[in-house]
Each structure stands twice: as C-alpha cells, then as structure tokens.
Amino acid sequence: MSKYMIDKFMRAVEMSDADVARYVADPAAFVDAWLAGAGGPHRPTDDRSLTEAERAAFATIDHEALYALGAHPYLLWHFIEAAHTHEFGDGFGWRDLVERYRADVAPHGHVDYIP
C-alpha cells in the first residue's frame, strides 16, 4: 500500500505546475500539508499515509531514496524532472540531471516497484 502512496504523491505534485512550485518552495511543508489533506490536487482522498522514510525522502527531494523505496521509475523520473527544472541554467541542464539521476539510482539495480 505504501508504494502506491509514493506513486500517488508524485503524480499529485507533477500534475500541476502550481503544486510543483509549492512543493519545490518548501518540500517538507508541502508533504505535511498533503498528508493532512490540504495539499494538491484538491480532490477528496482518504488514504494519505507515508512511512517516515518515505516522508523524509519527499521532504528532501531525495530521488535515490525514493527509487530504493520502490517508486515507480516512470513516475519518479517525471517527478524529479519537474522538481529540478528550476535549476536548469548555465552549467546545468536536462542532460546533467539525467546523468545525475542515472548515477544515483544505478547502484540499486531494478527495485520492486509493484505495490
């Protein structure tokens, strides 16, 4: 069930530019608000729960930890891409993010991401 919530959180954030901006501005506060039912998207939910390790990984935008915890690779990449786009500029771009992501998740091999 928890892997499902990891994926649900990533999708909830990534589906809205406004929520991505709010998440990036203060990840820990956004996670807490989402868990309390006040985070986006603004649809009814009744099953928001994350383990402390999952909450900490989202609060620090730790893609390596999220991957190791079983985040779905497709959703995780798009989530991380959205969360780091604001960092693109001279000396760091999309290709650099891809390489950093690959280097960080490669040691974990293929994780079990099936909820």
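This passage walks through the aromatic pairs, salt bridges and a few buried residues of a predicted model.

The model is a prediction, so local features are taken up at pLDDT of at least 70 and side-chain atom pairs at pLDDT 80 or more, while totals for chains, interfaces and linings use all residues. Residues are numbered from 1 along each chain as its sequence is written, and side-chain values rest on heavy atoms, with hydrogens and water left out.

Aromatic rings come up first. The search of the whole structure turns up 11 aromatic pairs; rings of Phe, Tyr and Trp (for Trp, the six-membered ring) pair if their centres lie within 6.5 Å, with planes under 30 degrees apart called stacked, over 60 edge-to-face and the rest tilted. One of these pairs joins Phe9 and Phe58: the ring centres are 4.3 Å apart and the planes sit at 50°, so this pair goes down as tilted. The pair ties together distant parts of the chain, with Phe9 in helix 1 (residues 2-14), Phe58 in helix 4 (residues 52-59) and the two positions 49 residues apart. Helices here are DSSP runs of H or I with at least four residues, numbered from the N terminus. Both Phe9 and Phe58 are buried, where buried means under 20% relative accessible area, exposed over 50% and partly exposed in between, using a 1.4 Å probe and protein chains only.

Phe88 and Phe92 make another tilted pair, at 6.1 Å centre to centre and 50° between the planes. Phe88 is partly exposed at 28% relative accessible area, whereas Phe92 is buried at 18%. Ring pairs also gather Phe9, Tyr23, Phe30, Trp34, Phe58 and Phe79 into a cluster, so Phe9 and Phe58 turn up again here as members.

Phe79 leads on to helix 6 (residues 73-84). The 12 residues of helix 6 should span 16 Å at 1.5 Å a residue, and the end C-alpha atoms are indeed 16 Å apart, which agrees; the expected span is 1.5 Å times one less than the number of residues. The buried residues of this helix are Leu76, Trp77, Phe79, Ile80, Glu81, Ala83 and His84. Their cover includes helix 1, helix 2, helix 4, helix 5 and helix 7, with contact taken as heavy atoms within 4.5 Å.

Glu81 is the charged oddity on that list: the residue is buried yet has no salt bridge, and the nearest side chain of opposite charge, Arg95, is 9.9 Å away. For the charges, Lys and Arg count as positive and Asp and Glu as negative, with His and the chain ends not counted. The side chain of Glu81 does make a polar contact with the side chain of Trp94, at 2.6 Å. A polar contact is a pair of N or O atoms within 3.5 Å; within protein, one must be able to donate a hydrogen and the other to accept it, and residues adjacent in sequence count only if both atoms are side-chain atoms. Leaving out residues up to four places away in sequence, Glu81 touches Trp94 and Leu97.

Salt bridges come next. The count comes to six, a salt bridge being a side-chain nitrogen of Lys or Arg within 4 Å of a carboxyl oxygen of Asp or Glu. In one of them, the side chains of Asp19 and Arg22 meet at 2.7 Å, N to O. These two are three residues apart in helix 2 (residues 17-25), which puts about one helical turn between Asp19 and Arg22. Asp19 is buried at 4% relative accessibility, while Arg22 is partly exposed at 35%.

Helix 7 (residues 94-105) holds Glu99 and Arg95, four residues and about one turn apart, and their side chains form a salt bridge at 3.5 Å, N to O. Glu99 also bridges to Arg102, at 3.3 Å, N to O; here the spacing is three residues in helix 7, again about one helical turn. Arg95, Glu99 and Arg102 are thus linked in a network of salt bridges. Each member is partly exposed: Glu99 has 38% relative accessible area, Arg95 has 45% and Arg102 has 49%.

One backbone detail remains. Phi of Ile61 is near 50°, a positive value in a residue other than glycine. Ile61 lies in the loop between helix 4 and helix 5 (63-68), and at 14% relative accessibility this residue counts as buried.
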